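Work through the exercises below with the model open. Each task is followed by a stepwise solution.

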Amino acid sequence: MKDSSDVFLGRQPILDLRQRLFAYELLFRSGHVGFAEAGDNVRMTATVIVNTFNELGVETALGDRRGFINVDEGFLFSDTLELLPPHAVVLEILETVPATEEVVARCRELRAAGYTLALDDVTQIRPSYGPLVDLADIVKVDIAPLSDAEVARIADELRPLGKQLLAEKVESRERMQMCRELGFTLFQGYYFARPSVIAGRRVDYGKLSLVRLLSLAIGDADTPELENELKREPGLVLKMLRMINSASTGVAVKITSLRHAITMLGRRQLMRWLQLLIFASSGEEGGGNPLLATAAARGRLLELLATELAPQNAALADQGFMCGVMSMMPVAFGIPMDEIIVPLNLPDAVGDALCLRVGPLGVMLDLAEAAEADDLAGVTSRLAALGLDLDTFNRAQTEALAWSNRLEDEAA
């Protein structure tokens, strides 16, 4: 079996009708793409499943979300596949898998065992694919190469069959809205992962209050000063208390006031909640911000990577978390990074990483973004610059994902 350092785990969020996180598609890549032997996909997928999820477990890593896992023809017949808990995963049958009698029989067997099946990258309903369509619970329609009329035609064909429709490669609000009207209930694509989803929004008073609070916390202001600033916005008081009270602080005492909350949390945790509240409060009306989980996971990932680099340097780990979360502030505010961080008086290492992408934190930030973009070459080069391997990165990324899932559940 290939060494685990040759495997890269990527992920992309899948959202529901309210633009809430529904699942992740888990992407597996090898460092030798283009030179893979027959069966390599099976081995590298099995390696990721065993090595990346062995310590935490798939359920811990994903929370109550499911993981869509790409399944090629070889992996479809692998015994390793059946190590995955049926309720935690969706087996995404790749478009390259032929609808042979053996494949159909195997899919029928897996479905009888409780697995949910999805068909990947559908752009037309071929007659020969009929048996697999019948067995699939979810059909992923690749809308990128299709006209609106072609998407509508496929939806019309699938809707009477009772399949859940997932639109993938959604890159604009207009196409998302069209798919919603056609009966699609799940969505995936750059529209949800790039700044266009909320960029250009006017900065509201609530977010400005959070930025001022964050600046005070970073500057180690007195507790009464923090409390007075927070009281300026009653809506944020309620939201913050609700979030803090729901968090797993390890303390049985109920938090009853702002001063009590600040004291019980401590400055380090307070800064984290303030940063994440910015994203929690910037979602569309009626739904949470789909970028919250990404911001939280990115911050936690940089914290873990900083700990790997310098185990004794708690300050670097704290700066890593801050850098990861704050790197998404331009998305939440719709204004340039340098305008956001001016009033915050950040440590030089954090400011340089955010604005110039220099230093270890800058490399870590580039690494996180490369992983989110499924850019194996970018991941590999940044890991080499940091002196870390893919196995370490996979474990850190999986733990970061699990942490962000728990955080979002607590904030709901």
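Leaving aside its neighbours within four places in sequence, which residues is Leu-91 in contact with? Bear in mind throughout that this is a predicted model.

**Exercise 1. Contacts of Leu-91**

Solution.
- Set aside the neighbours within four places in sequence; Leu-91 then touches Ile-69, Val-71, Leu-81 and Leu-84, among others.
- The list continues with Leu-110, Tyr-115, Thr-116, Leu-117 and Ala-118.
- Now place Leu-91 in its core. The largest nonpolar core has 48 residues, and Leu-91 and Phe-184 have the most contacts inside it.
- Helix α6, residues 148-158, supplies the largest share of this core, with five residues.
- Apart from this core lies another, of 43 residues. Met-326, Leu-365, Leu-386 and Leu-388 are among its members.
- A general remark fits here: in soluble globular proteins, nonpolar side chains tend to be buried together.

**Exercise 2. Thr-116**

Task: find the strand that holds Thr-116, decide whether Thr-116 is buried or exposed, and name the polar partner of its side chain.

Solution.
- Thr-116 sits in strand β5, which covers residues 116-122.
- Its relative accessibility is 13%. The cut-off for buried is under 20%, so Thr-116 counts as buried.
- The side chain of Thr-116 makes a polar contact with the side chain of Arg-66, at 2.9 Å.
- Beyond four places in sequence, Thr-116 contacts Arg-66, Val-89, Val-90, Leu-91, Asp-137 and Ile-138.

**Exercise 3. Lys-140 and Glu-25**

Task: state what the side chains of Lys-140 and Glu-25 form, and which parts the pair ties together.

Solution.
- The two side chains meet in a salt bridge, 3.0 Å from N to O.
- Lys-140 belongs to strand β6 (residues 138-142) and Glu-25 to strand β2 (residues 21-30), so the salt bridge ties together parts 115 residues apart in sequence.
- Both Lys-140 and Glu-25 are buried.
- In general, side chains of opposite charge can pair when their charged atoms come close.

**Exercise 4. Arg-159 and Asp-156**

Task: give the N to O distance of the salt bridge between Arg-159 and Asp-156, then classify the accessibility of Arg-159 and of Asp-156.

Solution.
- The distance is 3.1 Å.
- Arg-159 has a relative accessible area of 41%, so it is partly exposed.
- Asp-156, at 44%, is partly exposed.

**Exercise 5. Arg-298 and Glu-369**

Task: locate Arg-298 and Glu-369, and name the network that Arg-298 belongs to.

Solution.
- The side chains of Arg-298 and Glu-369 meet in a salt bridge, 3.4 Å from N to O.
- Arg-298 is in helix α13 (residues 292-309) and Glu-369 in helix α18 (residues 359-372), so the pair links parts 71 residues apart in sequence.
- At 6% relative accessibility, Arg-298 counts as buried. Glu-369 is partly exposed, with a relative accessible area of 26%.
- Salt bridges with shared partners join Arg-298, Arg-357, Asp-366, Glu-369, Glu-372 and Arg-382 into one network.

**Exercise 6. The whole chain**

Task: how many helices and strands are in the protein chain, and how many salt bridges does a search of the whole structure find?

Solution.
- The protein chain has 20 helices and eight strands.
- The search finds 17 salt bridges.
- Of the 412 residues, 53% are buried.
- Among contacts with a separation of 6 or more, 66% join residues 24 or more positions apart.
- The accessible surface comes to about 17700 Å², and 51% of it belongs to carbon and sulfur atoms.

How values were computed: Residues are numbered from 1 along each chain as its sequence is written. This is a predicted model: local features need pLDDT of at least 70, side-chain atom pairs count only at pLDDT 80 or more; totals for chains, interfaces and linings use all residues. Side-chain values use heavy atoms; hydrogens and water are left out. Helices (H or I, at least four residues) and strands (E, at least two) are DSSP runs, numbered from the N terminus. Buried means under 20% relative accessible area, exposed over 50%, partly exposed in between (1.4 Å probe, protein chains only). Contact means heavy atoms within 4.5 Å. Accessible areas come from the Shrake-Rupley method with a 1.4 Å probe; for residues, only the protein chains shown count as cover. A polar contact is a pair of N or O atoms within 3.5 Å; within protein, one must be able to donate a hydrogen and the other to accept it, and residues adjacent in sequence count only if both atoms are side-chain atoms. A nonpolar core is a set of buried Ala, Val, Leu, Ile, Met, Phe, Trp, Tyr and Cys residues joined through side-chain atoms within 4.5 Å. A salt bridge is a side-chain nitrogen of Lys or Arg within 4 Å of a carboxyl oxygen of Asp or Glu.
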